[in-house]
Amino acid sequence: MSIPTFIAGALSLLAFIAHSFIGDKEYRALKPGETSPHKNKETWVQVRSGWHWVSTDLLLSGILLILMATTEIIASKPEISLLLSIYFFACGVIWLSTVLISKTENKQIIILGQWIFCFLMSGLIYVGI
């Protein structure tokens, strides 16, 4: 069993739970009112849908990582692990770049620190290869 891969899978599943339920609760609080412009309502639905797209990525990544760490079901473990490591690394770079470009105060770099999670996941997966 690959302990780093298992830890990455468990972290991904925990992130999925937080993302799906706590994050969605925050988004529901931002729902535009009935008198809001149509574009605001449409944008809210689009952003909320994108939010849950990430939730789906976290769920499926977590399941895949746990399967790779604990079973022999997946034959191409090194290749899939490398691709997942690159995926999470790229997500971290994009997230951090977007925060740096868009921030209005320096503390947002840490407060919006999902990039740390992405780099941690990338490293754990890479080490687990």
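**Close-up views of a predicted five-helix chain**

**View 1. Helix H3 and what covers its buried residues**. The cover over the buried residues of H3 includes H2, helix H4 (108-111) and helix H5 (114-127), where buried means under 20% relative accessible area, exposed over 50% and partly exposed in between, with a 1.4 Å probe and protein chains only. The model is predicted, so local features need pLDDT of at least 70 and side-chain atom pairs count only at pLDDT 80 or more, while totals for chains, interfaces and linings use all residues. Residues are numbered from 1 along each chain as its sequence is written, and side-chain values use heavy atoms, with hydrogens and water left out. The buried residues of H3 are Lys-77, Ser-81, Leu-84, Ser-85, Phe-88, Gly-92, Leu-96 and Val-99. An α-helix has 3.6 residues a turn, so residues three or four places apart point the same way. Helix H3 (residues 77-102) has 26 residues and spans 37 Å from its first C-alpha to its last, close to the 38 Å expected at 1.5 Å a residue, a figure obtained as 1.5 Å times one less than the number of residues.

**View 2. The packing of helices H1 and H2**. Helix H1 (residues 3-29) packs with helix H2 (residues 38-70) at an angle of about 160°, and their axes are 7 Å apart; the axes are lines fitted to C-alpha atoms over the stretch in contact, and angles run from 0 to 180 degrees between N-to-C directions. H1 and H2 are therefore roughly antiparallel to each other, a term for angles over 145 degrees. The residues of the contact between H1 and H2 divide into 17 nonpolar, 11 polar and three charged.

**View 3. The surroundings of Met-68 in helix H2**. Met-68 counts as buried because its relative accessibility is 4%. Leaving aside residues up to four places away in sequence, Met-68 touches Ile-74, Lys-77, Ile-80, Ser-81 and Leu-84, where contact means heavy atoms within 4.5 Å. The C-alpha atoms of Met-68 and Ile-129 are separated by 10 Å, although these residues are 61 residues apart along the chain.

**View 4. The chain as a whole**. The chain has five helices and zero strands, taken as DSSP runs numbered from the N terminus (helices are H or I, at least four residues; strands are E, at least two). Of the 129 residues of the chain, 32% count as buried, and the C-alpha atoms fill a box of roughly 55 × 30 × 20 Å, taken along the principal axes.

How values were computed: Parallel < 35°, antiparallel > 145°, perpendicular 65-115°, else oblique. Nonpolar A, V, L, I, M, F, W, Y, C, P; charged D, E, K, R; others polar.
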